[in-house]
Structures are given as structure tokens and as C-alpha cells.
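Colleague: Please take me through one part of this model closely. I would like to look at the sheet and what surrounds it.

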Amino acid sequence: MVKIRLKKFGAKKRPCYRIVVQDSRKPRDGVTIEEIGTYQPVTQKEGNQVTVNMERAKYWIGVGAQPTETVKRILSKNGLNK
């Protein structure tokens, strides 16, 4: 099954995440199909926490990719009502 989930990177105590489309059987930091955005929960500017290519997110959800609960929450806050 293909999932839209977070892939962690960044420094210690300053995590950053990529929002990626990935096979659910692969490890978290493994090979991805496509990167569709970023999420930085620890940032100084409140407005710059999330960047998402909403067209690609809609496409992947349309073809059957399942977002995780966290990604679903991030996408709904940014205008995707799915």
C-alpha cells in the first residue's frame, strides 16, 4: 500500500520532516516515490512551518495513497478537505 507520510531529517532537537509518498513496507528513511512537501515543527516564524504541493497531494490521494493521521491533519490545515 502506498502512504503519504513524514520522513525525518534535521539536527538533534531540531527535527524537520519531508512529506513523502512511499510504500508502507519501506523503512521511514528509505527510498521514496515522490517528495511533495516539508514540515518544520520547530521554527521561529509561525507561517513557514509547512510547504506542500497540494496538486500532487490531491493526485496521490485520488489514485489511492493513504495519508497517515499526522499528514492528514497537516493537509486539512492547509486546505485539503479529504
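**The sheet and its surroundings**

Modeller: Strand 3 and strand 4 run antiparallel, and three bridges join them. Keep in mind that this is a predicted model. One pairing shows the link residue by residue: Thr38 has Thr51, in strand 4, as its bridge partner. In general, strands of a sheet pair through backbone hydrogen bonds, and the pairing is either parallel or antiparallel.

Now step back to the whole sheet. The sheet is open and has five strands. Their order is 4-3-2-1-5, and the pairing is mixed. Look at the two ends of that order. Strand 4 (50-52) and strand 5 (66-67) stand at the edges. Each has a single partner strand, so one side of each is left without a neighbour in the sheet.

Next come the helices. Helix 1 covers residues 54-62. This helix lies across strand 1 (2-11), strand 2, strand 3, strand 4 and strand 5. Helix 1 runs at about 125 degrees to strand 3. Helix 2, residues 69-77, also packs on the sheet. Helix 2 touches strand 1, strand 2, strand 3, strand 4 and strand 5. The direction of helix 2 makes about 90 degrees with that of strand 1.

Now the charged side chains. The count comes to five salt bridges. One of them joins Glu35 and Arg18, with the closest N and O atoms 3.4 Å apart. This pair links distant parts of the chain. Glu35 sits in strand 3 (residues 34-39), Arg18 in strand 2 (residues 14-23), and the two are 17 residues apart. How open are they? Glu35 has 43% relative accessibility, so it counts as partly exposed. Arg18 has 28%, so Arg18 counts as partly exposed too.

Another salt bridge is formed by Asp23 and Arg25. Their closest N and O atoms are 2.9 Å apart. Here the two partners fall into opposite classes. Asp23 is buried, because its relative accessible area of 18% is under 20%. Arg25 is exposed, because its 70% relative accessibility is over 50%.

A further pair is Asp29 and Arg28, whose side chains meet in a salt bridge at 3.0 Å, N to O. Asp29 is partly exposed, with a relative accessible area of 42%. Arg28 is also partly exposed, at 44% relative accessibility.

Definitions and conventions
Residues numbered from 1 in each chain as written. Predicted model: local features only at pLDDT ≥ 70, side-chain atom pairs only at ≥ 80, totals over all residues. Heavy atoms only, no water. Salt bridge = Lys/Arg side-chain N within 4 Å of Asp/Glu carboxyl O. Helix = DSSP H or I, 4+ residues; strand = E, 2+ residues; numbered from the N terminus. Buried < 20%, exposed > 50% of the residue type's maximum accessible area, 1.4 Å probe, protein only. Pairing = 2+ DSSP bridges. Contact = heavy atoms within 4.5 Å. Axes fitted to C-alpha atoms, helices over the stretch in contact; angles between N-to-C directions.
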